[in-house]
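Got the viewer open? Keep the selection box handy, and we'll walk through this one stop by stop.

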Amino acid sequence: MAAVRRRERVEVGGLTAFARFVVCGGGVGVAASFAVAALASWLPRVPWVLDNALVTVVSTLLATELHARFTFGAGIRATWRQHVQSAGSAAAAYAVTCSAVLVLHQLVARPGAMTEQAVYLSASALAGVARFAVLRLVVFARTRPGVAVPARPLEVAVARASLAAADPTGLCRAA
């Protein structure tokens with residue numbers, strides 16, 4: 001029964017994975033936006049970019065674990081490789097969110113907290129869609145180690161025939 005559940009987890013469809021990504025990644029993203037705002041108000045002398053960097057590191061670690069265990073159907077902890085690849089996509093998302101907020105500050109002398117949050121969350125949403133594609137197609141692709149991809153019957157028959165042809169004792173028994 002556990003094997004059946006594991007197989008169901010591995011075969012997550014794109015729409016289901018995206019919905020899970022929005023819930024997990026979006027939830028972490030909204031929490032991160034409040035954390036960045038809180039850090040910025042508690043530590044006003046620290047540049048906003050550093051606040052965002054710290055929150056991005058923590059939220060990326062959390063989101064990668066959630067995506068490995070739930071979003072993309074692995075049901076297991078994320079590997080170091082997946083954390084590193086996810087960090088790369090998060091770095092790109094970080095650059096997008098920082099750029100958006102820095103442009104806002106260039107255009108508006110003193111933007112309000114709501115305006116800053118709206119720009120941050122909008123940039124995060126755009127970066128999140130691109131990040132979903134990278135995570136699904138690269139980081140948590142089904143061809144990752146440890147996930148068995150079932151062979152098609154023709155491939156199994158060809159593999160058995162080639163093994164039998166390579167083993168002379170197998171040919172003698174067949175004759």
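Here is a short tour, from the whole chain down to single side chains.

**Cartoon view.** Keep in mind that this is a predicted model. Start with the cartoon: you'll see seven helices and zero strands, so to speak an α-α-α-α-α-α-α pattern when read along the sequence. Of the 175 residues of the chain, 30% count as buried. Switch on the surface and you're looking at about 11,200 Å² of exposed area, with carbon and sulfur atoms supplying 71% of it. If you like contact maps, take residues at least 6 apart in sequence: 69% of their contacts join residues at least 24 apart.

**The largest core.** Now select Val12, Ala17, Phe21, Ala68, Phe72, Ala78, Phe132, Leu135, Val139 and Phe140; these ten residues make up the largest nonpolar core. Colour by helix and you'll find that H2 (14-42) and H5 (113-139) each supply at least two residues of this core. H5 gives the largest share, three residues.

Zoom in on Leu135. What does Leu135 touch, leaving aside residues up to four places away in sequence? The list is Phe21, His67, Phe72, Ser86, Ser89, Phe140 and Ala141.

Apart from this core lies another, of eight residues, including Ala32, Val55, Val101 and Tyr120.

**Rings.** Show the aromatic side chains next. How many aromatic pairs turn up in a search of the whole structure? There are five. Pick Trp48 and Tyr120: their ring centres are 6.0 Å apart and the planes meet at 80°, so this pair is edge-to-face. Trp48 belongs to helix H3 (residues 48-71) and Tyr120 to helix H5, so the pair ties together parts 72 residues apart in sequence. Both Trp48 and Tyr120 are buried.

Then select Phe18, Phe21, Phe72, Phe132 and Phe140, which ring pairs link into a cluster. Phe21, Phe72, Phe132 and Phe140 are also members of the largest nonpolar core.

For a charge on a ring, go to Arg20: its charged end sits over the ring of Phe70, 4.6 Å from the ring centre.

**Cysteines.** Last stop: select Cys24 and Cys98. Are they buried or exposed? Cys24 is buried, with a relative accessible area of 10%, and Cys98 counts as buried too, at 6% relative accessibility. Don't go hunting for a sulfur-sulfur bond, though, as the structure holds zero disulfides.

Key:
Residues numbered from 1 in each chain as written. Predicted model: local features only at pLDDT ≥ 70, side-chain atom pairs only at ≥ 80, totals over all residues. Heavy atoms only, no water. Disulfide = S-S within 2.5 Å. Buried < 20%, exposed > 50% of the residue type's maximum accessible area, 1.4 Å probe, protein only. Core = buried A, V, L, I, M, F, W, Y, C linked by side-chain atoms within 4.5 Å. Helix = DSSP H or I, 4+ residues; strand = E, 2+ residues; numbered from the N terminus. Contact = heavy atoms within 4.5 Å. Phe/Tyr/Trp six-rings, centres within 6.5 Å; stacked < 30°, edge-to-face > 60°. Lys NZ or Arg CZ within 6 Å of the ring centre and 35° of its normal. Areas by Shrake-Rupley, 256 points an atom, 1.4 Å probe, with all protein chains shown as cover.
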